[in-house]
Amino acid sequence: MNAQTAMTGPILKVEHLSMKFGGLVAIGDLSFEARRGEITALIGPNGAGKTTVFNCITGFYKPSEGMITLTTSAGNQYLLERLPDFQIPAKARVARTFQNIRLFSGMTVLENLLVAQHNKLMVASGYTILGLLGLGNYRKASGESVELAKYWLERADLIDRADDPAGDLPYGAQRRLEIARAMCTGPELLCLDEPAAGLNPRESLALNDLLNGIKATGTSILLIEHDMSVVMKISDHVVVLEYGRKISDGDPASVKSDPRVIAAYLGVDDSEVDDVLSDTGNEQVAEELNGEPDRAHGPADSASMLAGPIVDTVGHSEDEDEVVKVDPGASKAEQYEHRLAISNALAAPKGGKPDKLTLIKGIGPVNERKLHEHGIFHFEQIAGWTEADVKAAEAYLDFDGRIAREDWIGQAKAFAAKSGGVE
Ligand SMILES: Nc1ncnc2c1ncn2[C@@H]1O[C@H](COP(=O)(O)OP(=O)(O)OP(=O)(O)O)[C@@H](O)[C@H]1O
Ligand SMILES: [Mg+2]
């Protein structure tokens with residue numbers, strides 16, 4: 001393929017991808033494309049298989065079936081499922097960040113960005129000590145690496161923290177550093193696994209700017225994200241997974257009003273989808289939903305999706321134990337700031353036990369988690385929300401008018417009364 005044809009085709013093509021862990025089908029017959037120069041979001045409820053897709057793309061897992069084709073702007077095509085994992089960043093120009101931040105926390109911010117360019121520097125040295133000490137290529141490459149690091153430090157608004165240990169940065173800044181580090185490897189496709197997780201609204205906005213800036217440099221982005229305010233604002237294209245199957249694929253507006261997405265992702269039970277759709281004037285899609293499940297979007301229901309032991313059948317797995325150290329002073333200031341958004345937020349659930357907020361119609365597991373992140377754990381808190389609180393929560397959840405429409409406050413009052421909380 002020549003460079004001109006490459007530029008018009010998709011950068012990433014995933015075809016009939018399946019990944020099984022023992023009896024569990026984590027991804028079932030998944031096909032989608034990421035267009036060059038765009039931000040493609042991969043969304044879906046917890047456990048839908050999003051990270052597994054990333055692990056297949058970046059060579060951490062070898063898929064059970066399927067093809068993943070990456071086409072660089074120069075027209076080179078790589079079948080990622082066949083490429084050894086260490087060649088994926090170097091040859092196919094794919095970089096990623098992790099759901100759990102993975103930085104060298106004892107190294108400075110700048111050092112983290114220079115280490116990311118180690119491969120390029122070693123090639124320039126010719127892998128010899130003379131090459132390292134000598135003039136020519138290595139010195140030039142080393143100067144360029146510092147320049148590139150400085151460039152991304154500025155773009156990620158980290159230049160003032162360049163000499164601080166990465167582990168001392170506040171959480172949001174660590175997330176931006178991870179992205180800057182990935183950008184220092186010069187990727188054509190940047191895969192980001194939940195970059196907005198744990199960010200306050202101000203940090204979320206800064207992240208949107210950073211990602212739009214990266215897109216403007218021509219890098220394509222594949223984004224896993226739960227925060228709908230990020231997804232809907234910056235994505236060009238959204239692919240929705242549920243139980244490893246694709247349930248929707250299109251532009252953000254069409255995906256947002258797709259009944260399957262409302263049911264699966266926004267945490268509304270199937271039986272309630274009709275109500276939500278008639279509330280939002282979407283009767284026609286309600287009828288569609290009452291028909292058969294759309295087999296074209298995934299494999300037939302399989303008992304193996306639900307049953308069977310979950311075993312680690314692969315060599316590589318993510319290190320869940322990595323400790324993220326957050327500067328205590330900064331983090332307190334940030335916590336205070338993000339708690340300001342909702343007036344009766346708590347630092348922790350009372351008695352260490354949150355109420356089951358998913359009992360409120362309209363709150364699913366995803367939104368429950370987001371509410372927890374914002375210090376809302378109890379029915380009585382929602383029952384006591386002011387108008388400003390409702391606005392803040394709706395802005396954060398990207399739910400225009402939905403909280404009032406579904407009367408979360410009334411429902412919360414009823415549940416709180418039952419449990420003896422408020423009147
Ligand atoms: N190494 C593994 N061994 C066994 N099962 C696994 C492995 N990795 C993932 N799974 C299972 O595959 C399914 C998909 O997990 P995955 O982490 O891809 O979901 P996700 O969409 O990223 O979820 P979240 O939003 O919580 O991050 C889950 O049921 C998970 O338990
Ligand atoms: Mg995940």
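How many helices and strands are there in the protein? The count comes to 21 helices and 10 strands, taken as DSSP runs (H or I, at least four residues, for helices; E, at least two, for strands) and numbered from the N terminus. The model is a predicted one, so to speak of a local feature takes a pLDDT of at least 70 and side-chain atom pairs count only at pLDDT 80 or more, while totals for chains, interfaces and linings use all residues. Residues are numbered from 1 along each chain as its sequence is written, with chains lettered from A and ligands numbered from 1 in the order in which they are written.

Of the 423 residues, 40% count as buried, meaning that 20 or more other C-beta atoms lie within 10 Å of the residue's own (12 or fewer would make it exposed, anything in between partly exposed; C-beta atoms are placed from the backbone). As for contacts (C-beta atoms, placed from the backbone, within 7 Å), residues 24 or more positions apart supply 70% of those with a separation of 6 or more.

Next, the cores. A nonpolar core is a set of buried Ala, Val, Leu, Ile, Met, Phe, Trp, Tyr and Cys residues joined through C-beta atoms within 7 Å. The largest one has 77 residues, and Leu 42, Trp 152, Leu 177, Ala 180 and Leu 190 have the most contacts inside it. Strand β2 (residues 24-34) brings in the largest share, 7 residues. Another core, of 18 residues, lies apart from it and includes Ile 342, Phe 377, Trp 385 and Phe 415.

Leaving aside residues up to four places away in sequence, Ala 180 touches Leu 113, Trp 152, Leu 153, Arg 155, Ala 156 and Leu 158. Helix α8 (residues 171-183) has 13 of its 13 residues buried. Its 13 residues should span 18 Å at 1.5 Å a residue (1.5 Å times one less than the number of residues), and the end C-alpha atoms sit 19 Å apart, which agrees.

Then there is an open, antiparallel sheet of 4 strands, ordered β2-β1-β4-β5; strands pair if DSSP finds at least two bridges between them. β2 and β5 (77-79) are at the edges with a single partner strand each, so one side of each has no neighbour in the sheet. Strand β4 (residues 65-71) is joined to β5 by 3 bridges, and Leu 70 has Tyr 78 as its bridge partner in β5.

Helix α2 packs on this sheet, touching β1 (12-21), β2 and β4, with its direction at about 70° to that of β2 (axes are lines fitted to C-alpha atoms, for helices over the stretch in contact, and angles run from 0 to 180 degrees between N-to-C directions). In α2 (residues 50-57), 7 of the 8 residues are buried, among them Phe 54 and Ile 57. Just after α2, Gly 59 adopts a positive phi of about 80°.

Notes: Contact = placed C-beta atoms within 7 Å.
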